[in-house]
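User: I am new to this structure and would like a careful, close look at one part of it, the last domain. Please begin with any term I need, and then connect that part to the rest of the chain.

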Amino acid sequence: MPRIEEISAETLKEWERIAAHSHITGLGLDGLEPKEVGDGMIGQLEARKAAGIVVRLVKEGKFAGRAVLIAGPPGTGKTALAIGIAKELGRDVPFVPIAASEIFSAEIKKTEFLTQTLRKAIGVRIREMRKIYEGEVKELHIDKEPHPYNPYMQVPVRATVKLATKDESRRLTMDQSFALQLLQQGVEKGDIIQIDADGGRIIKIGRSYEVAEKMPELSSVQVVPTPDGPVLKDKEFVYTLTLHQLDVAHSRSGTSVLSLLFGGRERKEIEPEVRRNVDEMVKEWVEEGRAEIIPGVVFIDECSMLDIETFAFLNRAMEQELSPVIIFATNRGMAQIRGTDHVSPHALPLDLLDRMLIINTRPYTKNEIRNILEIRARAEKVELSEDALEYLTEVGERASLRYAIQLIAPAFELAKEMKSEEIKKEHVQEVERLFVDVQRSVRHLKEFEQRFLT
Ligand SMILES: Nc1ncnc2c1ncn2[C@@H]1O[C@H](COP(=O)(O)OP(=O)(O)OP(=O)(O)O)[C@@H](O)[C@H]1O
Ligand SMILES: [Mg+2]
């Protein structure tokens, strides 16, 4: 079995991209009915219910050849909803977010970029007998250092974990790729995890009973008993790789330092031969009962910027036997389809629109904004005073939810500077003055333009 890829610029980028949604663990449904608050999700009830129905269709195999379009104004939870769908499909279901503009900026061919994206969204769940460390996380420490080529970015370098079963405990020191996996999976004290040391993988199984009892409301994380026996044992280990990871592991690799230096995507074209071999191999595993295939989710943001060739490619991909669920998102209404002179709804070709279930998201109420901000503050491990939360909520209403969320981190820096444990209203007001929202910024420049004109 190949070892997982070393930590790469790409992995980090993907991790950052979903970090803003780390509080979302599902759609927060009770059957198909959305709870007012659940799995980190607030409000947006119709959209969540619709998303829940999509999840059912996918699980029942009735979604083949179709796609979802989430259309709504900026900051209304389109990305959040897509992540919720992926989480509902299963704990290890791949979620691959891309922005349409990336397709054009990638230094590889469009079709290669798209093929890689689709193959990243097909998981292969593998079962093997391994020597694994298993237990409840009693202590967790992740050392971070500046990125070797980008000192302004903190990256994990190593981790120490104390794992305990009912009978014994062990302290383990791990390298960077483990530390990153701990962060990616949001492992915390009180979680039950498995570590396959030789294979270089960590799996979060769930949360221990005792810890879950103390903090019941938090999320839908599975609650599991603390294992007994030794921490290190022979056990069936279940983990998921993607077709793309297998492709990369099977093609001659070698990352150039330059691509790391310049934040490169370090993407390479993969030989069709390699993909064929990987497909054959996976097929064998499946036939032998050692693996199963898990279709995941590709999320294409700003989809109104895709061009007609890309739509044709995706249309074909959706018809294939093995295809991930494709979720498109847009905040545009009528617009021209790129690469043509046709104007159409959401700038999407009609044949694609015909295959889509469209979900609308709507702006949040004041109360919903407050609740989302509260959840975000908790996810960022930051305390907000009552009046700071109130004020931030007003900012969210006045400017945008995005902007209000963005202010949490800088406000906390100010609070720390003032030796305050929590963010106070004055800290929010100060950062609001220092960092402007988009509308204010545009107005600012307009004023100057006018001054020059007169
Ligand atoms: N219903 C919700 N419940 C909880 N958190 C939410 C909800 N909707 C949005 N958020 C959070 O608010 C922030 C902004 O939402 P998100 O990025 O999903 O909006 P978007 O519609 O994708 O925006 P854009 O058009 O800018 O891409 C994110 O941090 C997201 O996780
Ligand atoms: Mg978004």
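Analyst: The helices and strands named below are runs assigned by DSSP, at least four residues long for a helix (H or I) and at least two for a strand (E), and they are numbered from the N terminus. The model is a predicted one, and every value that follows is computed from it.

The domain assignment divides the chain into domain 1 (9-121 + 296-360), domain 2 (127-242) and domain 3 (366-442). Domain 3 is the part to look at closely, and its centre and that of domain 2, taken over C-alpha atoms, are separated by 32 Å.

A good place to start is Lys381, which is found in the loop between α13 and β20 (383-384). Most residues other than glycine have a negative phi. Lys381, which is not a glycine, has a positive phi of about 55°. Because there are 7 other C-beta atoms within 10 Å, Lys381 is classed as exposed, the limit for that class being 12 or fewer.

Further along the chain, a pair of helices can be followed in some detail. The axes of α14 (residues 386-398) and α16 (residues 425-434) come within 7 Å of each other and cross at roughly 30°, so α14 is roughly parallel to α16. On the α14 side the meeting residues are Asp387, Ala388, Tyr391, Leu392 and Val395, and on the α16 side they are Lys425, His427, Val428, Gln429 and Glu432. Sorted by class, the residues of this contact are five nonpolar, two polar and three charged.

Which domains give residues to the shell around ligand 1? Both domain 1 and domain 3 contribute, and therefore the ligand lies between them. The shell numbers 22 residues, of which the closest are Pro74, Gly77, Lys78, Thr79 and Ala80. Among the elements involved, β4 (41-42), α3 (78-89) and α15 (401-417) each supply at least two of the shell residues. By class, nine residues of this shell are nonpolar, 10 are polar and three are charged.

Just before domain 3, Thr365 sits in the loop that runs between β19 (356-360) and α13 (366-379). Thr365 counts as exposed because it has 12 C-beta neighbours inside 10 Å. The C-alpha atoms of Thr365 and Gln44 are 9.7 Å apart in space, although 321 residues separate the two in sequence.

For the rest of the chain, distances from domain 3 offer a way in. Val395, already met in the contact of α14 with α16, is 285 residues away from Lys110 in sequence and 40 Å away in space, C-alpha to C-alpha. Lys110 belongs to helix α5 and, with 15 other C-beta atoms within 10 Å, is partly exposed. Leaving aside its neighbours within four places in sequence, Lys110 is in contact with Ile103, Glu309 and Thr310. As a whole, α5 (residues 110-120) is largely enclosed by the rest of the structure, because eight of its 11 residues are buried; they are Phe113, Leu114, Thr115, Gln116, Thr117, Leu118, Arg119 and Lys120.

A second distance joins Ala409 to Val286: the two are 123 residues apart in sequence and 46 Å apart in space, C-alpha to C-alpha. Val286 is part of helix α10 (residues 272-287) and is partly exposed, having 14 other C-beta atoms within 10 Å. Beyond its neighbours within four places in sequence, Val286 is in contact with Ala291, Glu292 and Ile293.

Two further loop residues complete the tour. Glu302, in the loop between β15 (297-301) and α11 (308-319), has a positive phi near 50° without being a glycine, and with 16 C-beta neighbours inside 10 Å Glu302 counts as partly exposed. Arg332 occupies the loop between β16 (325-330) and β17 (334-336), and it too is classed as partly exposed, with 14 C-beta neighbours inside 10 Å. Apart from its neighbours within four places in sequence, Arg332 is in contact with Ser304, His346 and Ala347.

Technical notes. Residues are numbered from 1 along each chain as its sequence is written. Chains are lettered from A and ligands numbered from 1 in the order in which they are written. This is a predicted model: local features need pLDDT of at least 70, side-chain atom pairs count only at pLDDT 80 or more; totals for chains, interfaces and linings use all residues. Domain bounds come from an automatic or database domain assignment. A residue is near a molecule or strand if its C-beta atom, placed from the backbone, lies within 6 Å of it. Ala, Val, Leu, Ile, Met, Phe, Trp, Tyr, Cys and Pro count as nonpolar, Asp, Glu, Lys and Arg as charged, and the others, Gly among them, as polar. A residue is buried if 20 or more other C-beta atoms lie within 10 Å of its own, exposed if 12 or fewer, and partly exposed in between; C-beta atoms are placed from the backbone. Axes are lines fitted to C-alpha atoms, for helices over the stretch in contact, and angles run from 0 to 180 degrees between N-to-C directions. Angles under 35 degrees count as roughly parallel, over 145 as roughly antiparallel, 65 to 115 as roughly perpendicular and the rest as oblique. Two residues are in contact if their C-beta atoms, placed from the backbone, lie within 7 Å.
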